[in-house]
Each structure stands twice: as C-alpha cells, then as structure tokens.
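Here are a few short exercises to work through with the model open beside you. Try each task before reading its solution.

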Amino acid sequence: MHLMKHWIKRGFRQFGLELSTCNGANKAGLRPDMESVLDIARPATVFDVGANKGQFRDFLRCEVGYGGDILSFEPIPELAEALAERAKSDSHWKVFPCALGAEPSTLALNVSDSTDFSSFLKVSGGTQALFPGASSQRTVQVPVQTLTDFTKTNRQDAPFFLKLDTQGFDMNVIKGGLPVMQDCAAVLCEVSVIPLYEGQPTWREMITYLEALGFSIVGLYPVNRTRSMQVIEFDCLMINSRFATPVH
C-alpha cells in the first residue's frame with residue numbers, strides 16, 4: 001500500500017501537482033522547496049535533532065529522495081531503541097540516544113502523552129487546551145551533548161543540513177553548535193507564533209537569531225492552526241548565504 005501511494009504521488013508530480021492528506025498539507029509545500037535546497041546545497045550529512053519516531057527520516061527518504069547520511073538524535077529511550085532497530089535496514093542512517101543542547105549536561109525531559117510534545121520546557125497554560133496530548137505523565141533524565149562536541153568526536157562530512165524539532169529548545173541546540181553553523185548549508189526548525197512552552201523563543205526571535213548567523217528564509221509552512229485559523233507553528237526552512245545563489 002505504501003509503495004502504491006509513492007508511485008501515485010510521483011505520477012501527480014509529473015504534472016506539477018502535489019497529492020497529500022489534509023494534515024500533511026504543510027509537507028506538500030515543504031517538499032519541493034526541500035528538493036531545491038538540497039539540490040543547491042548538496043549536504044553530505046543531515047542532523048535530525050528530535051527524531052521522535054523517524055518521521056523526518058522517512059520524509060527525506062520517501063518524499064524528497066535524499067540518499068546521504070542521516071544522524072538522528074532522540075533522547076526518549078524507548079523511541080531511540082525503536083529507531084535503532086529500524087536503522088539496521090538503512091546503512092546511511094545512525095541513531096544516537098541523547099539530546100543536543102547549549103552545554104553538556106543531564107537534564108529532566110518531560111515526556112508527553114503524545115511523545116512529539118516532549119520537551120525540557122514546561123508546557124504553557126493554554127497548550128493543553130490546544131493539544132490534550134501535550135500533558136506529561138513522567139520525566140526521564142537524559143544525556144545532553146553539544147553539536148560542536150559531537151562533530152569533533154564523530155567526524156561527519158560537511159556541508160550539513162540541520163533539522164530541529166526539540167519543542168522550544170532549538171535555540172539551545174544552535175548555541176551549542178555555533179562553530180558548526182558555518183558548515184550548515186540549511187536549517188529546518190519549528191517556530192511558534194503561539195508559544196507552547198514556558199520560556200521558548202518567539203518565532204521572530206528564532207528567525208532573527210538565524211538571520212544574524214547568515215541564514216535567509218526559503219519558506220514558512222504552517223504546521224497547525226487554531227479552530228479560528230490562527231497559525232500556531234510554522235516549519236521554517238532557511239538557507240546559509242554561503243550556499244545561496246547571489247541576487248543581482
């Protein structure tokens with residue numbers, strides 16, 4: 001069934017059309033831009049930070065057609081174990097059972113009922129009303145390392161593509177990898193218009209921070225909305241000016 005869907009989607013794309021489910025509409029907009037950015041930047045390694053159940057790896061492999069190295073970081077033990085088992089069938093996919101942050105440490109991770117809301121930060125007051133699955137029932141102590149230290153220990157080929165989905169902790173990951181950012185051809189992160197976690201950067205703060213590091217916006221893709229159609233979060237794709245085509 002999965003293979004049939006893949007070929008049907010490919011058939012539509014030959015006519016410049018995207019076929020997607022309603023809850024996957026943001027990926028329909030993101031996919032062609034991802035293809036273009038990867039074609040321009042040609043990253044040798046993708047850092048998949050906040051891998052959860054491997055959704056982004058599957059998107060890269062099955063939807064975008066990326067065949068290079070993917071390094072997935074997932075701190076929730078049972079999810080990391082499941083990903084490591086899946087990665088046995090993909091020689092260019094490695095899984096690391098840890099989190100990335102601004103400095104090496106051990107931190108308490110709030111594991112949500114719906115695990116994709118798990119965060120080092122506490123959910124804000126209105127988050128549970130928007131997403132009942134965001135409530136957490138337990139915390140786990142997880143190891144945290146910096147992207148800088150990781151790349152020194154694991155000498156991966158550059159340029160890099162950095163994907164961040166750490167539920168309000170993305171800026172911390174970047175701060176722990178500033179020397180690496182010059183070799184990051186592009187960044188995909190989730191930015192919040194309506195804050196879901198206490199103390200998380202606003203979407204403007206995240207974009208301004210990345211712009212100061214030399215990145216420019218490729219696109220903003222709504223991830224979810226309120227019932228009154230207000231955007232809650234965007235996927236934000238940005239390209240490093242070192243890899244972008246100059247504008248004349």
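**Exercise 1: Leu-107 and its strand**

Task: decide whether Leu-107 is buried, partly exposed or exposed, and find what lies around this residue.

Solution. Leu-107 has a relative accessible area of 29%. Buried would need a value under 20%, and exposed a value over 50%, so Leu-107 counts as partly exposed. Bear in mind that this is a predicted model.

Next, place the residue: Leu-107 lies in strand E5. Leaving out residues up to four places away in sequence, Leu-107 touches Phe-120, Val-140, Gln-141, Val-142, Val-144 and Phe-169. For one of these, Val-142, the C-alpha atom is 5.6 Å from that of Leu-107, although 35 residues separate the two along the chain.

**Exercise 2: The sheet around E5**

Task: work out the strand order of the open sheet and say which strands form its edges.

Solution. Start with the order, which is E4-E6-E5, with mixed pairing. The edges are then strand E4 (99–100) and strand E5 (105–112), each of which pairs on one side only. Now look at one pair: E5 runs antiparallel to strand E6 (residues 136–145), and eight bridges join them. As an example of the register, Asn-110 has Thr-139 in E6 as its bridge partner.

**Exercise 3: A glutamate in strand E10**

Task: is Glu-233 buried or exposed, and which side chain makes a polar contact with its side chain?

Solution. Glu-233 sits in strand E10 (residues 231–240). Its relative accessible area is 5%, so Glu-233 is buried. Its side chain makes a polar contact with the side chain of Asn-224, at 3.0 Å. Beyond four places in sequence, the contacts of Glu-233 include Glu-190, Val-191, Leu-196, Tyr-221 and Pro-222.

**Exercise 4: Cores and the whole chain**

Task: find the residues with the most contacts inside the largest nonpolar core, then step back to the whole protein.

Solution. The largest nonpolar core holds 39 residues, and Phe-47, Phe-73, Leu-162 and Leu-210 have the most contacts inside it. A separate second core has 22 residues, among them Leu-38, Val-46, Val-95 and Ala-186. Leu-162 touches Phe-47, Ile-174, Met-181 and Ala-186, among others.

For the overall view, count nine helices and ten strands. Of the 248 residues, 48% are buried. The protein exposes about 12,500 Å², with carbon and sulfur atoms supplying 54% of that area. Finally, of the contacts between residues at least 6 apart in sequence, 69% join residues at least 24 apart.

Note on methods. Residues are numbered from 1 along each chain as its sequence is written. This is a predicted model: local features need pLDDT of at least 70, side-chain atom pairs count only at pLDDT 80 or more; totals for chains, interfaces and linings use all residues. Side-chain values use heavy atoms; hydrogens and water are left out. Helices (H or I, at least four residues) and strands (E, at least two) are DSSP runs, numbered from the N terminus. Buried means under 20% relative accessible area, exposed over 50%, partly exposed in between (1.4 Å probe, protein chains only). Contact means heavy atoms within 4.5 Å. Accessible areas come from the Shrake-Rupley method with a 1.4 Å probe; for residues, only the protein chains shown count as cover. A polar contact is a pair of N or O atoms within 3.5 Å; within protein, one must be able to donate a hydrogen and the other to accept it, and residues adjacent in sequence count only if both atoms are side-chain atoms. A nonpolar core is a set of buried Ala, Val, Leu, Ile, Met, Phe, Trp, Tyr and Cys residues joined through side-chain atoms within 4.5 Å. Two strands pair if DSSP finds at least two bridges between them.
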